[in-house]
Amino acid sequence: MNSVVVLEAKGIKKHFGGVIALSNGNLQCRKGRITGLLGANGSGKSTLSKIIAGVYRADGGEMRYNGKVVHYRNPHEARRDGIALVFQNLSLVPDLTVWQNIVLGVEKNRGLFLDNQSAKELSRKILQQLLPDLDINRKVHELSPGEMQIVEIAKAISENPQLLILDEPTAALEQTQVKNLFDYMRNLAQQGVAMIFTSHRLWEVMEICDDVTIFRNGEDVATIDFEKEGKDPEKIVSYITGEVKKSTIQVQRREVSDEVLLKVNITGKDKVLKDVSFELRKGEILGIGGLAGQGQQELIYALSGSYPGVRCEVELNGRKLRLSRPADAIQNGILLVPGDRQREGLSLEHSIYNNMIFPKLGLRRHPLFIPEAQYCQECEQIARLLSIKAPGIDAPVNTLSGGNQQKVVVGKWLSFDIKVLLLADPAKGVDVGAKRDLYEYIVNLAKEKKIGVILYASDNEELIQYTDRLLIMYEGRIVATLTGADINDDMITATSMRVR
Amino acid sequence: MNEVSKTGNVFYTFKGLLLKPEVSSFLIFIIMFVITATLQESFFTVKSIVRNINAFTPLILLAMGQAVVIVAGGLDLSSGAALSLFTCVLTTVMKRNDPVTGIYAILVTFAVAILVGMVNGVGIGYLRIPPVIVTFATSYMWLGIALFLRPTPGGESVDWFRAFYKIDAVAGAPAVLKTIGTFIPPALVLLIIGCLLWFIISKTRTGRYIYAVGSNIESAYVSGIDTARTQMLACIINSVFIFLAALFFVGQNQSGDARMGGPLTLKSIAAVVVGGISLTGGRGSVYFALLGALTLSFVNKIIFFANIPNAYQTLVSGIIIIVAIAGPAYVMFSKPKQ
Amino acid sequence: MNTVMSRPKFLSFRIYEKYKKIVVVFILIVLLFVFGATTLPNFLSVEQVFMTIKLASFTALFALCQMIVIAGGGSGLDLSVGYTATITAVLTASIMDGKNEPLLLAVLIALALGVMIGLANGVLTSYLKLPPLVVTLAIADILQGIVNAYVAGKAITGRPSPILVTIAAKFTGKFPNILFVLILVTSITMIILNKTKWGQILFGVGANERTAYLSGINVKKVRCIAFTVSGVLSSLMGLLLLGNMGIAFKDMGSNYVLPSIAAVVIGGVSLAGGEGNYLGVILGAIFLQTLTNLLIAFGLGDAGKWLGFGIILFAMLSAYASNRRSR
C-alpha cells in the first residue's frame with residue numbers, strides 16, 4: 001500500500017549548544033501508516049519527533065507537510081496544522097481536571113466565557129474507547145501514571161490530528177492499556193491518520209508499526225518496511241548499536257553461594273508497601289518484578305532508609321539494624337542507585353568530582369578538611385574504571401550524556417565498602433551500549449566482591465537477563481518467587497497478574 | 001482489569017474532610033468570627049458592622065489581588081509599597097479646590113497601576129526572575145517614586161473623593177445616596193466590584209490559564225499557553241485590586257503616605273495562606289483569600305479586646321501570623337504535589 | 001568525545017564560570033568610578049575610596065549571612081538580619097555603657113540572641129517547612145515589636161565599649177579597621193566553604209535537596225544550622241553597628257536588608273542555591289555603596305537611593321535571568 005506522503009523531513013540538523021543532536025535526519029510519514037522510530041538515547045530520534053511537532057526549531061534541512069514547506073516556531077503552530085505530539089506526562093497540569101486538561105490551550109468559547117459543556121462531551125467521547133471508567137472530573141494529580149498517559153493521548157487526539165506523534169507512550173502503561181492503545185491506533189490508521197511511534201521496546205515496535213526508521217549518532221541509518229522485508233530483531237538491533245556482533249541474549253544462571261547476606265523484614269501501615277520479608281545471599285542478584293506500581297520502587301527506597309512510611313528492619317551478616325534514615329543504610333554499606341538520576345542521584349550543576357565525593361562527606365568520622373589530592377586521584381580512577389566519557393572530572397555533570405551520568409551515580413559508591421547494592425531501574429532511558437556496560441559491571445561486582453544486589457527494573461528483559469532469583473510483587477506484597485528456568489516472560493507475566 | 005481507578009474516597013472520611021485546606025480555613029474563620037462576636041457586645045449592630053467592613057476592606061482587597069498572583073505561581077512583595085505609591089499619586093494629581101482633578105487622579109493612578117502590574121509581570125513572567133526577589137526589588141522602586149512625590153505624608157484630595165469612604169461626609173451628596181451609604185458602605189461596594197472582577201475573569205480563558213500556569217508552568221507552555229502573558233495579566237489584576245484599596249484609603253484619609261502600605265504586604269500573604277491557598281500556586285479559591293483576610297482581621301480585633309498595649313501589637317501580630325501560616329501550611333505540606 | 005583526562009584545575013569549566021561573573025561586577029564598579037570621577041570633584045580621592053570600602057564592609061558582612069542561607073537552597077532568604085542586629089545593639093548598649101569590661105558579656109548575649117533567633121528561623125523553615133520569606137519577615141516583625149515595647153517612648157541609653165568603637169568606626173592610618181575584620185572573615189569563609197566538608201555539604205544541599213538526602217545528609221539539620229549561623233552573624237553585626245554609630249536606635253539594621261540581598265545577586269550568586277563565591281558578594285557590596293555615594297552626591301537622597309537600588313537590582317536580575325533562560 002503506497003499511500004500519500006503526509007510528512008517528509010530531509011536533512012534536518014539540530015544542535016544544542018556544542019552538542020550535535022541531529023546531523024542528517026530524514027523521515028517519511030504516510031497517510032494511515034504507523035512509522036516506528038528506533039534508536040539509542042542521544043541518537044536523534046526524540047529530537048526529530050520534537051522538531052516535527054514544533055517543540056524545537058531545526059537549524060538546517062527542510063520539512064514538508066502535505067507538500068508545503070513548514071517551519072514551526074512552537075507546538076501550538078504545529079497543532080493548528082494538524083500535527084499532534086503525545087508527551088510523556090509532560091503536558092498535563094496536575095491541579096486541573098481531566099476534561100480541562102484535554103482541551104487545555106484550545107478551549108472554545110460560548111459567548112464571552114468558556115464553553116465547558118462541549119469540552120466535557122468531547123472528553124467523554126474520546127475516553128470512551130481508551131479508558132471508559134475514568135471520571136473526567138477528577139483532578140489529574142489523583143490519577144495513576146498509566147491513566148495520566150492515556151489522558152495525554154486523549155489530549156493529542158482531541159483535535160483530530162492528521163499526524164500523531166507518540167513519543168514513548170508505553171513506558172508507564174500496563175499490558176492491557178498497551179493493548180487498548182494499539183487497538184485504538186489501528187483504528188486511527190484505518191481512518192487515515194498517520195502516526196510516528198517511538199519506544200525502547202523492540203517487540204512493541206514490531207507489533208504495531210508498518211515500517212521503522214532507525215537512528216544512530218544523529219542520522220537515520222536504515223528504514224525497514226515490515227510488510228516487504230519482514231521482521232528481524234537481530235538486524236534491527238545491529239542497526240541501532242552499529243555493531244556487527246549479534247547482541248547476545250544469553251542468559252547465564254550463575255552459581256550463588258548459600259551464605260545469607262541480608263535478612264529483610266518490612267512492616268507497617270503504608271498504603272503502597274505492605275509487609276515484606278525475604279533473604280538475600282552473597283553474590284546474588286535478586287530481582288524485584290511485577291506490574292508497575294505494585295510497591296517495587298518503595299521497597300527499594302525502604303531498604304535504603306529513605307521511605308519513612310514503613311518500619312524496615314534487616315539483619316546484615318548477622319547484625320541487626322533498623323534502617324530509618326539514608327545514613328543508617330549508607331553507614332552499613334547498603335547503597336542506593338536511585339531511579340531518577342537527574343532528580344535523585346546528581347547535583348546537575350556540580351562537577352563529576354563534587355558529585356562523586358559528596359556521599360563520603362556525610363559519613364560519621366569524616367575529617368573537617370577535605371583531602372583533595374587523595375580524592376581527586378580516587379575519582380579519576382573510578383572514572384577510568386567505568387569508562388566515563390568527559391573532558392575531566394571538573395566537568396559539570398549536566399554536560400554528560402544520560403548513560404555517563406548514570407555511571408557517575410554508580411561511581412559515587414565505588415570507594416565505599418559495598419555490602420548491598422540497591423538499584424531502582426538503573427537503565428531507564430539509558431541507551432543499549434551504556435546499559436550493557438552498566439549491567440556487566442554490576443554482575444562482575446556481584447561475582448567478585450560477593451556483594452548482594454537487589455534490582456528493580458521496569459523492563460522485564462533486564463530482569464530475565466541478569467537476575468538469579470526474581471520476586472514478583474503485587475499490591476505491596478511478594479506473591480511469587482521465580483528461580484532458574486522459571487525466570488521468563490511467560491511466568492513473569494502470569495505471576496504478576498496472579499494467574500498462577 | 002488490573003488498574004482500578006480509585007475513587008476519591010479520601011473525602012468520605014472525616015479526617016480526609018478536615019485535611020482539605022478549604023475546610024480547615026473555613027473552620028478557623030468560623031471560630032475567630034464567633035470569638036470576636038462574643039467579645040464585642042455591639043458586634044451585630046449596623047454601625048459596628050459598617051465600621052468593621054471599613055477597617056477590613058484594604059486587607060481584603062490586597063489579599064484577593066495577592067491570591068491571584070500566588071495562584072498564577074508568583075508572589076507580590078511589593079503590594080504594600082504599590083498601595084502607598086497609588087495613594088501618593090492620587091494626592092499629588094488632585095488639587096483640593098478643583099473637583100475635576102479627582103477624575104484625572106483616578107485615570108492617572110489607574111494607568112500607574114497597570115504599569116506597576118506590567119513591570120512586576122515582565123519580571124515574573126517574561127524575565128522569569130524568582131517572584132520573591134523581583135517584587136522585593138520593585139517594592140523599593142515604588143517606595144522611591146512614592147517618596148519623590150510625597151517625602152512626607154500629605155497631599156491634597158478633592159471633597160467628593162470622600163465618597164469612597166463615607167457618602168454622608170460629602171457635602172452636597174443626594175439624600176438618597178446618603179441613606180443607602182449608612183447601610184451599604186462604599187467599602188462594601190468596592191469589595192463587590194473586586195469580587196465581580198474576579199468572577200468574570202475566572203470564567204474566561206485567562207482565569208483557567210492562571211491556574212494552569214501556577215500548577216505546572218512547563219505543561220502549560222507546552223500546551224500552547226502564553227505563560228508569560230498569563231502571569232503578567234495576573235500581576236495587572238492584582239494591581240487593580242490594590243488600586244481599589246488606594247481609592248478607599250485616600251477617601252478615608254484624604255492624604256497619601258509613602259510608607260503606609262508596608263505592613264500590609266506580609267499580612268496579605270498571610271491572609272492568602274490562612275485562606276487555604278497554596279503558596280506554590282495552581283490551587284485554591286481567590287474568594288477564600290477574602291475569608292483569610294477576615295480571619296486575620298478578627299484575630300487583630302481579639303488582640304485589641306484582650307487589652308494588649310499598643311507597643312506589643314506588632315509583636316503579637318507577628319506571632320499570630322506565624323501560627324496562622326504554620327497551621328494550614330503544615331496540613332498542606334503533608335500532601336506533596338506531584 | 002575525549003576519554004577521561006585530568007587537566008590542571010584552573011583550566012576547567014567551573015573555575016572559568018565562577019570568575020567570569022566576578023569580572024563583570026568588577027568592570028561595573030570601574031565604570032561607576034569613572035563616571036563619578038569625571039562628574040564629581042573629590043570622588044576618586046583615597047579617603048573617599050576607603051570610606052566607601054568601610055561602609056561597604058558592613059553591607060558585605062550582612063550579605064554573608066544571606067549568602068549562607070541562600071546557598072543552602074530551598075528558596076532560603078533571611079529578612080530578619082536587620083532587626084536581629086538592631087535588637088542586639090539595643091539590648092547590649094546599656095550593658096556595655098561605654099566600658100570595656102562588660103564587652104565579653106555583651107558578646108555572649110549577642111551570641112545567645114543570635115542562636116535563638118537563628119534557630120527559630122531554622123526550625124520554622126526546615127522542620128515545619130514554612131516558606132523562609134514569610135517566616136523571616138514575620139520574625140523581623142516580632143523583633144521589631146519587642147524593640148518597640150522595650151523602648152516604649154524612652155530614649156535608648158548606653159554606649160558601645162571603646163574596643164568596639166575602635167574596630168568598627170576607627171581607622172589605622174588610611175585603612176578602616178572594619179576592613180581587617182572583613183578580610184579575616186573572608187578568609188575564614190572561603191576556607192570553610194571551599195575546603196571543608198561543611199561548605200561542600202551546604203552547597204550539595206542547595207544544589208539538589210533530594211540527592212543530598214539520599215546520600216545520607218540530614219538536609220533539615222543543615223538548613224537549620226545555616227539559619228542559625230546567619231542569626232549569630234547578624235547579631236554580632238549589631239555590636240559592630242553599635243560601635244560604628246556610637247548609639248543604638250530603632251531602625252539601625254533595617255536599611256541593610258535590601259542591600260544584603262542585592263549584593264548577593266550582583267555578586268553573581270544563584271538564588272536557587274548550590275553555589276557561592278564570597279568575593280563576588282563583596283564586590284557587589286562595594287558596587288552598591290559606590291552607587292549610593294553617587295546618588296547622594298547628586299542630591300537624590302532617600303527617594304533616589306531606594307529607587308536606584310530597586311532599579312539596579314531589577315536590572316541585574318534581568319541580566320542574569322536571560323543567561324539562565326533555556327527554551
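A residue counts as buried if 20 or more other C-beta atoms lie within 10 Å of its own, and this cut-off is applied below to a predicted model.

**Exercise 1. Describe the build of chain C, from its secondary structure to its packing.**

Step 1. Begin with the elements: the secondary structure of chain C consists of 13 helices and two strands.

Step 2. Then compare its radius of gyration with the globule rule: the value for chain C is 20 Å, close to the 20 Å that the rule gives for 327 residues, so chain C is as compact as a globular protein of that length. Its C-alpha trace spans about 70 × 55 × 35 Å along the principal axes.

Step 3. Apply the opening cut-off, by which 54% of the 327 residues of chain C count as buried.

Step 4. Finally, consider the contacts in chain C between residues at least 6 apart in sequence, of which 78% join residues at least 24 apart.

**Exercise 2. Work out which helices of chain B supply the side that touches chain C, and what kinds of residue are found there.**

Step 1. Count both sides: 35 residues of chain B are in contact with 38 residues of chain C.

Step 2. Assign the chain B side to helices: α6 (131–149), α12 (262–274) and α14 (313–333) each supply at least two of its residues, and the largest share, 13 residues, comes from α6(B).

Step 3. Sort the residues of this side by kind, which gives 29 nonpolar, five polar and one charged.

**Exercise 3. Check whether the length of helix α4 of chain B agrees or disagrees with its number of residues, and state how far the helix is covered.**

Step 1. At 1.5 Å a residue, the 15 residues of α4(B) (residues 79–93) should span 21 Å, and because its end C-alpha atoms are 21 Å apart, the two values agree.

Step 2. As for cover, 14 of the 15 residues of α4(B) are buried.

**Exercise 4. Locate the largest nonpolar core and follow one of its members into chain A.**

Step 1. The core has 353 residues, and those touching the most other members are A:Ile352, A:Leu422, A:Ile454, B:Ala63, B:Met64, B:Phe86 and B:Ala289. Helix α11 (residues 227–253) of chain B gives the largest share, 17 residues.

Step 2. Domain 1 (5–241) and domain 2 (260–496) of chain A both give residues to this core, so it lies between them.

Step 3. Leaving aside neighbours within four places in sequence, A:Ile454 has contacts that include A:Leu422, A:Ile300 and A:Leu303.

Step 4. A:Ile300 and A:Leu303 are among the buried residues of α10(A), a helix (residues 296–303) in which eight of eight residues are buried. Just after α10(A), A:Gly305 takes a positive phi of about 80°.

Conventions:
Residues are numbered from 1 along each chain as its sequence is written. Chains are lettered from A and ligands numbered from 1 in the order in which they are written. This is a predicted model: local features need pLDDT of at least 70, side-chain atom pairs count only at pLDDT 80 or more; totals for chains, interfaces and linings use all residues. Helices (H or I, at least four residues) and strands (E, at least two) are DSSP runs, numbered from the N terminus. The expected span of a helix is 1.5 Å times one less than its number of residues. A residue is buried if 20 or more other C-beta atoms lie within 10 Å of its own, exposed if 12 or fewer, and partly exposed in between; C-beta atoms are placed from the backbone. Two residues are in contact if their C-beta atoms, placed from the backbone, lie within 7 Å. Ala, Val, Leu, Ile, Met, Phe, Trp, Tyr, Cys and Pro count as nonpolar, Asp, Glu, Lys and Arg as charged, and the others, Gly among them, as polar. The radius of gyration is taken over C-alpha atoms; the globule rule is 2.2 Å times the number of residues to the power 0.38. A nonpolar core is a set of buried Ala, Val, Leu, Ile, Met, Phe, Trp, Tyr and Cys residues joined through C-beta atoms within 7 Å. Domain bounds come from an automatic or database domain assignment.
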